[in-house]
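Hello,

Here is the structure I promised to pass on. Please open it first, then read my notes below.

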Amino acid sequence: MGGPNLEILRFAMYLAVPTASILYFGDPEWYDRYVVPYGKKIWPDYETTHKPPHTQAGVKEQLEKYKAERLQRKMASGQVEGAGQVGMGDVSAGAAGETVGSRVPLGTFGGRSTESTTERLV
């Protein structure tokens, strides 16, 4: 134990350090000088950020753009030889169990048949 003088000094420091840091770092000039330029380096301007479409036609146009970009990336990486192999194929044609342009047989969900287990056992 240091005595009452040490306790007074400690109490003064407990009050002075937070008060001084609030006065120094809370100054708007300091914020504009150090924080704002660093934030501009990290985050892009609002004008250059992605703005989602607000209409149905805009959504369809953006979806087609994303599909074309994805196909172009796959073709560039050599995963796909032709455009006919990409996509789910014609899922409206064919009976359950046969594949129509896709890897997953129609009538299945997650690799499992849509039949119930009792129908398969009977």
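**What turned up**

Gln62 counts as buried, because its relative accessibility is 19% and the cut-off for buried is under 20%. Gln62 sits in helix H3, which covers residues 56-77. Which residues does Gln62 touch, leaving aside its neighbours within four places in sequence? They are His50 and Pro53.

Keep in mind that this is a predicted model.

**The overall picture**

The protein has 122 residues, and 7% of them are buried. There are 4 helices and 2 strands. Starting at the N terminus, the order of the elements is α-α-α-β-β-α. Now look at contacts between residues at least 6 apart in sequence. Of these, 0% join residues at least 24 apart. The protein exposes about 11000 Å². Carbon and sulfur atoms supply 61% of that area.

**How confident the prediction is**

The mean pLDDT of the protein is 76. A value of 70 or more is reached by 64% of the residues. Which element has the highest mean pLDDT, and which the lowest? Helix H1 has the highest, at 94. Helix H4, residues 117-121, has the lowest, at 51. There is also a stretch, residues 89-94, where the pLDDT is below 50. Beyond near neighbours in sequence, residues 89-94 have 8 contacts in the model.

**The aromatic rings**

A pair of aromatic rings is described by the distance of the centres and the angle of the planes. The whole structure holds 4 aromatic pairs. Take Tyr24 and Trp30. Their ring centres are 6.1 Å apart and their planes meet at 55°, so this pair is tilted. Tilted covers angles that are neither under 30 degrees nor over 60.

Trp30 also pairs with Tyr34. Here the centres are 5.4 Å apart and the planes are at 45°, so this pair is tilted as well. Both Trp30 and Tyr34 belong to helix H2, residues 28-42. They are 4 residues apart, about one turn of the helix.

Are these residues buried or exposed? Trp30 is buried, with a relative accessible area of 17%. Tyr24 is partly exposed, at 48%. Tyr34 is partly exposed too, at 45%. Add Phe25, and ring pairs link Tyr24, Phe25, Trp30 and Tyr34 into a cluster.

**Along helix H1**

Side chains of opposite charge can pair when their charged atoms come close. How many salt bridges does the structure hold? The count is 1. Glu7 forms a salt bridge with Arg10. Their closest N and O atoms are 3.3 Å apart. Glu7 and Arg10 are separated by about one helical turn, because they are 3 residues apart in helix H1. Glu7 is partly exposed, at 40% relative accessibility. Arg10 is partly exposed as well, at 37%.

Leu6 is another residue of helix H1, which spans residues 4-25. Leu6 counts as partly exposed, at 38% relative accessibility. Leu6 also helps to make a nonpolar surface patch, together with Leu9, Met13 and Val17. The patch measures about 370 Å².

**Where to look**

Try Gln62 with His50 and Pro53. Then find the ring cluster of Tyr24, Phe25, Trp30 and Tyr34. Finish with the salt bridge between Glu7 and Arg10.

Best wishes

Notes:
Residues are numbered from 1 along each chain as its sequence is written. This is a predicted model: local features need pLDDT of at least 70, side-chain atom pairs count only at pLDDT 80 or more; totals for chains, interfaces and linings use all residues. Side-chain values use heavy atoms; hydrogens and water are left out. Rings of Phe, Tyr and Trp (its six-membered ring) pair if their centres lie within 6.5 Å; planes under 30 degrees apart count as stacked, over 60 as edge-to-face and the rest as tilted. Buried means under 20% relative accessible area, exposed over 50%, partly exposed in between (1.4 Å probe, protein chains only). Patches are made of residues with over 30% relative accessible area and no salt bridge: like charges are joined within 9 Å, nonpolar side chains (Val, Leu, Ile, Met, Phe, Trp, Tyr) within 5 Å. Accessible areas come from the Shrake-Rupley method with a 1.4 Å probe; for residues, only the protein chains shown count as cover. A salt bridge is a side-chain nitrogen of Lys or Arg within 4 Å of a carboxyl oxygen of Asp or Glu. pLDDT is the predictor's confidence in each residue, from 0 to 100. Contact means heavy atoms within 4.5 Å.
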